[in-house]
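Here is a colleague's note, meant to be read slowly with the model open beside it. Each numbered point takes up one topic, and the first concerns a single residue in a loop.

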Amino acid sequence: MIRGDSYDIVVIGAGHAGCEAGLAAARLGFSTCIFTMNLDTIGQMSCNPAIGGLAKGHLVREIDALGGEMAKVTDRTGIQFRVLNRSKGPAVWSLRAQADRLLYRLEMRRVLEEQDSLEIRQAQVEEIVVKDGKVKGVLTSLGVFHPARAVIVTTGTFLNGLIHIGLSSQPAGRAGEFPSSGLSASLERIGLRLGRMKTGTPPRLDARTIDFSVMTEQWGDMPPPPFSHTTSEITTPQLPCYITYTNQETHRIIRENLDRSPLYSGKITGIGPRYCPSIEDKVVRFAEKPRHQVFLEPEGLNTREYYANGISTSLPYDVQVKLVRSIKGLEEAGIMRPGYAVEYDFVSPTQLRHSLETREVEGLFLAGQINGTSGYEEAAAQGLIAGINAANRLRGRPPLILERHEAYIGVLIDDLVTKGTSEPYRMFTSRAEYRLLLRHDNADLRLTEKGYHTGLVGEERYEEFRKKREMIRTELARLETRRVSPEVANPHLRREGSSPLREHATLEQLLKRPEVPYRLIREISPPSFGPWPEIEGIIETEVKYRGYIRRQEEMVRRLQKLGDRKIPEDFQYDAIAGLSREVLSKLKEVRPETIGQAGRIPGVTPAAVALLIMALEKDKRLKQPVIENREAR
């Protein structure tokens, strides 16, 4: 065994989780090395060239508020930005951006290479070295041992990756890239339980062979709204996307060739994403639908390659050609890269703590698709938290744990650790019970304070945040107390089609009217700050939805009184009389950290929670609240 350089923290993998983990660890002052099998694929967008979307855009905003990098890189390389769900309430608005795939990868690599205390090495890690339940370092395929005090595994789809196109398959983590073949066995030797999952990707098409004139053109918002709160303006050129649809002929071609599909021939054993199915799955499961949308996304400014979102497939190449060319506007389309499915190993996430550290090994953290998630945003969020908490462990600080009412990141991690997942986990707004508190427009108000106390948000940015927060508080107080007369307000109200005042009213009472925008308030009684759309939008939402917001806040307070109470890690569940075998088994498997977490475990009934509470009341350790990162609050 050759002894190589030693590091405080080693990150395995340089996808979206690995990049955020490595940057966070290095920025918090620890010598960090990211090991990747290919330096040229750092920050690679393996699937569609887009960041954000419904609920996922919330995650990106939260990553930014905590001091992560994904939002900034997207803003510098994005070629279309749109806020989705504008026709619905603000709780489910979410930003999505098309990114130039090549520029994103190059920009993320530049950021990593310029980061102090961070090294990047091309090597394949085959073993995590553990002694006496503590991580000691990693061993590469060349027999080089790198000592480390903490290790973060972010391997994506590379653990025993197997690609399928038709009935042909080959070992690969991505098309044209070798899989990681030894690390799965190392994780199993440590004592972790592994499973198998599957995801897929559609064919990429040559723009020169596409008839865009018969498709629906879709541009982004103008001016483009940025992801990061530090971005003042998007300067990259913007491009449109295009919409077309499959048809009955497309579906006939697919149905007639299902026997050649690895999904339906039994060749693929991994479980695929229910909410992002292949076109084969959609045709079979939704047989009554006459068509399915195909969303053509540009891969970048300087390429003719288009991503055919909506027809992810692992059918044979000849069938892919036929089904693509059966679609309106794609009759002559050339396939630059065929679609494929990829199977890979993952670790059951119920074996993790909320810090993303494994229960089995001290100092070993997992983040991204290895935990059963799908999507760049879910991976990046986990990578950031794993990087922060690996650093917190080394500096003797408690982990940063985000609660469900504080962030979508908190919902994501709590769902994984408490409930586990049997399919690739995808974030949705419906997963968050407090989504009116977790809007995409207030991510910085919720989390920048935590990012500052963690050490990833600098003084200058924090001071700007404090000014913004105080400005919002001051204006909300002014709206509550400033009264206007009918003579002043009624001319403006008539223009908006709103009923006139008969007596004096506060500005808040006016803004609560559904038809009255904040713009009208500015005309009636100008605030102390100049036009600032972002702040005005937050203020308008806070006023119009104040009753609902306060109701959710009160619900949080009530649940916290009980849910935050800590369960000793060595508590003996077998001693509780009356628990069913199923409940007992689940409590012992997950080993929840709090009563609230115990109640969220699938199958653990309210009656079982009541028995748990009674048993714990006899334990003096329950009297202490959950240990939290108070500085990060």
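1. Please begin at Asn85, which is placed in the loop between S5 and S6. This residue has a positive phi of about 70 degrees although it is not a glycine. As a reminder of the background, most residues other than glycine have a negative phi, and most peptide bonds are trans. Bear in mind, too, that the model is predicted, and that the angle at Asn85 is therefore a value from a predicted model.

2. The two strands on either side of that loop belong together, for S5 and strand S6 (residues 94-99) pair in the antiparallel sense over six bridges. One pair of residues can be followed by eye: the bridge partner of Gly78 is Ala99, which lies in S6.

3. In what order do the strands of this open sheet lie? The order is S4-S6-S5, three strands with antiparallel pairing. Strand S4 (50-52) and strand S5 (78-84) stand at the edges, and because each has a single partner strand, one side of each is left without a neighbour in the sheet. From one strand to the next, the twist averages 20 degrees. Helix H2 (residues 56-65) packs on the sheet and touches S4 and S6, and the direction of H2 makes about 85 degrees with that of S6.

4. Another open sheet has four strands in the order S12-S11-S20-S13, and the pairing here is antiparallel. Its edge strands are strand S12 (168-171) and strand S13 (194-201), each of which pairs on one side only. The twist in this sheet averages 25 degrees from one strand to the next. Within the sheet, strand S11 (residues 162-165) and strand S20 (residues 340-347) run antiparallel and are joined by three bridges; to find the place, look for Ile163, whose bridge partner in S20 is Val342.

5. Two further details of the backbone deserve a check. The peptide bond from Met222 to Pro223 is cis, with omega near -5 degrees, and Pro223 lies in the loop between strand S15 (216-218) and strand S16 (241-245). Arg591, a residue other than glycine, has a positive phi near 45 degrees, and its place is in the loop between helix H18 (581-590) and helix H19 (595-600).

6. Turning to empty space, rolling a probe the size of a water molecule over the atoms shows where such space is left. A search of the whole structure finds two cavities of 30 Å³ or more, and the second largest cavity holds about 50 Å³ of space.

7. Which residues line the second largest cavity? They are His354, Ile385, Leu400, Ile401, Leu402, Ile409, Gly410, Ile413 and Asp414. Sorted by class, this lining has six nonpolar, two polar and one charged residues. Helix H10 (residues 408-419) gives the most to the lining, with four residues.

8. Finally, it helps to step back to the whole chain, which has 20 helices and 23 strands. Along its principal axes, the C-alpha trace of the chain spans about 80 × 70 × 50 Å. Why can the radius of gyration be said to agree with that of a compact globule? With 633 residues, a compact globule would have a radius of gyration near 26 Å, and the chain has 26 Å, so the two agree.

Methods:
Residues are numbered from 1 along each chain as its sequence is written. This is a predicted model: local features need pLDDT of at least 70, side-chain atom pairs count only at pLDDT 80 or more; totals for chains, interfaces and linings use all residues. Side-chain values use heavy atoms; hydrogens and water are left out. Two strands pair if DSSP finds at least two bridges between them. Axes are lines fitted to C-alpha atoms, for helices over the stretch in contact, and angles run from 0 to 180 degrees between N-to-C directions. Contact means heavy atoms within 4.5 Å. On a 1 Å grid over the protein atoms alone, a cavity is a set of points where a 1.4 Å probe fits but cannot get out, and a pocket is an open set with protein on both sides within 12 Å along at least five of seven lines; lining residues have an atom within 4 Å of a point. Grid points are joined across faces, edges and corners, and a volume is the space filled by probe spheres set on the points. Ala, Val, Leu, Ile, Met, Phe, Trp, Tyr, Cys and Pro count as nonpolar, Asp, Glu, Lys and Arg as charged, and the others, Gly among them, as polar. The radius of gyration is taken over C-alpha atoms; the globule rule is 2.2 Å times the number of residues to the power 0.38.
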